[in-house]
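Hi,

Here is the model I said I would pass on. Have a look at it first, and then read my notes underneath.

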Amino acid sequence: MTVERFEIKSSEAASEDWGAHTHTRVFRTSDTSTVTAKGIRDLICAGTGYGGIIAETGGPLTIDSTAEGDPARVRTVGVRLLPEGLNAAEITIALTEYARFTGEHELVRVMSNHVMAPTPVYRSAPIVPTDVWTVDSGAAGYYDTDVGLWDGSTASTPPLNTGQGSVTDGVESTNYRPAGDIGGTMVDWNGNPLSVGLTQIDFTVEVVRQGVHTSTLGTMVAGDQTILEDTAGIGTRNQATFAGLAQGTIIYMGCQRVALDAEWYIGKYQFRAREDKHATQVPRPTFGTRIGAMAYEGDPRSIRHVRGVYWQQPYLRGTDFNDLFTTDEAAQIALA
């Protein structure tokens with residue numbers, strides 16, 4: 001069997017579907033042997049090849065052992081016999097590719113929802129410490145914040161209250177606030193917290209990822225990110241500035257992989273940012289003690305307020321969320 005091949009058409013187009021590039025290659029062949037459309041198609045798709053063309057659907061298109069694209073993936077193969085010529089056929093192959101052209105940035109989409117989140121508080125405008133992170137030597141990629149910055153036992157920036165008022169013979173003055181108090185304006189009602197709206201941003205970063213696939217040499221290639229890499233850091237706060245938001249204000253909520261095409265998928269990374277750094281205001285315990293629980297603090301309504309309020313910070317671990325993304329992606333996220 002002797003086959004002559006001529007390329008009569010080659011086209012490429014880009015869509016808005018995450019920058020997919022579509023290729024179309026059209027060839028005409030003539031064969032010294034009698035052929036059928038199905039026979040030609042089977043040779044092309046089975047990896048045997050016809051006229052130097054191998055196009056297994058889902059795999060790369062190879063022409064005389066040279067792969068098309070980066071590589072592009074074959075989507076459809078069509079064969080049509082032509083009435084003119086000896087055993088002439090027209091072969092149309094359509095492909096999809098997510099490679100970038102020279103100078104094109106990696107595609108990033110940041111979707112966000114900005115809300116006022118009702119939060120039970122005892123103080124408005126409290127002092128929120130700045131975390132100081134140290135590398136966790138036992139777990140690569142993790143950092144630990146100094147818990148003392150949150151309970152007042154370590155000097156913080158800005159500093160928590162160092163104490164106000166006095167204690168005489170076990171009796172606290174009416175303006176007494178203990179060391180480690182979070183400061184701010186008392187807004188509780190007779191020791192009961194009020195629900196106040198705090199700024200909360202829920203945002204999702206979407207990027208294109210290539211999953212596990214087979215190379216043009218037939219070997220298995222790892223994807224851009226493994227499941228473990230995407231999972232690491234869930235439930236931690238940002239040890240470094242991320243998306244233009246200050247360190248410690250964001251929690252990594254999780255991620256989702258949504259199928260795009262072949263081994264390509266959209267990675268959706270979900271985050272939540274809060275101005276209180278996800279810490280909770282808790283009142284000083286007074287049950288079974290002689291210490292004063294509340295003070296008037298000059299409120300003309302004779303409403304008592306909790307004397308001591310502390311931070312309880314449950315999220316003491318941090319990671320650098322920029323590590324989830326490439327340098328180019330992280331630079332674009334910072335501008336979002």
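Pockets first, since the terms need pinning down: on a 1 Å grid over the protein atoms alone, a pocket is an open set of points with protein on both sides within 12 Å along at least five of seven lines, where a cavity is a set of points where a 1.4 Å probe fits but cannot get out; lining residues have an atom within 4 Å of a point. Grid points are joined across faces, edges and corners, and a volume is the space filled by probe spheres set on the points. By that recipe, the second largest pocket holds about 220 Å³ of space. It has 17 lining residues, and Val121, Pro126, Leu198, Asp276 and Gln281 are the closest to its centre.

Before the rest, the small print. This is a predicted model, so local features need pLDDT of at least 70 and side-chain atom pairs count only at pLDDT 80 or more, while totals for chains, interfaces and linings use all residues. Residues are numbered from 1 along each chain as its sequence is written, and side-chain values use heavy atoms, with hydrogens and water left out.

Back to that pocket. At least two lining residues come from each of β8 (108–121), β9 (123–124), β15 (194–210) and β21 (280–283), with β8 giving the largest share, three residues. Strands here are DSSP runs of E, at least two residues, and helices are runs of H or I, at least four, numbered from the N terminus. By type, the lining has nine nonpolar, five polar and three charged residues (nonpolar is Ala, Val, Leu, Ile, Met, Phe, Trp, Tyr, Cys and Pro; charged is Asp, Glu, Lys and Arg; polar is the others, Gly among them).

As for the whole chain, there are four helices and 25 strands. The radius of gyration is 32 Å, well over the 20 Å that the globule rule gives for 336 residues, so the chain is more spread out than a compact globule (the radius is taken over C-alpha atoms, and the rule is 2.2 Å times the number of residues to the power 0.38). The C-alpha trace spans about 110 × 40 × 35 Å along its principal axes. Of the 336 residues, 40% are buried, where buried means under 20% relative accessible area, exposed over 50% and partly exposed in between (1.4 Å probe, protein chains only).

A few residues to click on:

- Glutamate 206 sits in strand β15 and counts as buried at 9% relative accessibility. Leaving out residues up to four places away in sequence, glutamate 206 touches Trp18, Leu107, Val108, Arg109, Met111, Ile266, Gly267 and Lys268 (contact means heavy atoms within 4.5 Å).
- Lysine 277 is in the loop between β20 (264–274) and β21. Its phi is positive, about 55 degrees, although it is not a glycine, and at 8% relative accessibility lysine 277 counts as buried.
- Asparagine 190, in the loop between β14 (185–186) and β15, also has a positive phi, near 55 degrees. Asparagine 190 is partly exposed, at 38%.
- Threonine 157 and proline 158 are joined by a cis peptide bond, with omega about -10 degrees. Proline 158 lies in the loop between α2 (148–151) and β12 (167–168).
- Alanine 125, in the loop between β9 and β10 (133–135), is exposed at 66% relative accessibility. Its C-alpha atom is 8.0 Å from that of glycine 183, 58 residues apart along the chain.

Cheers
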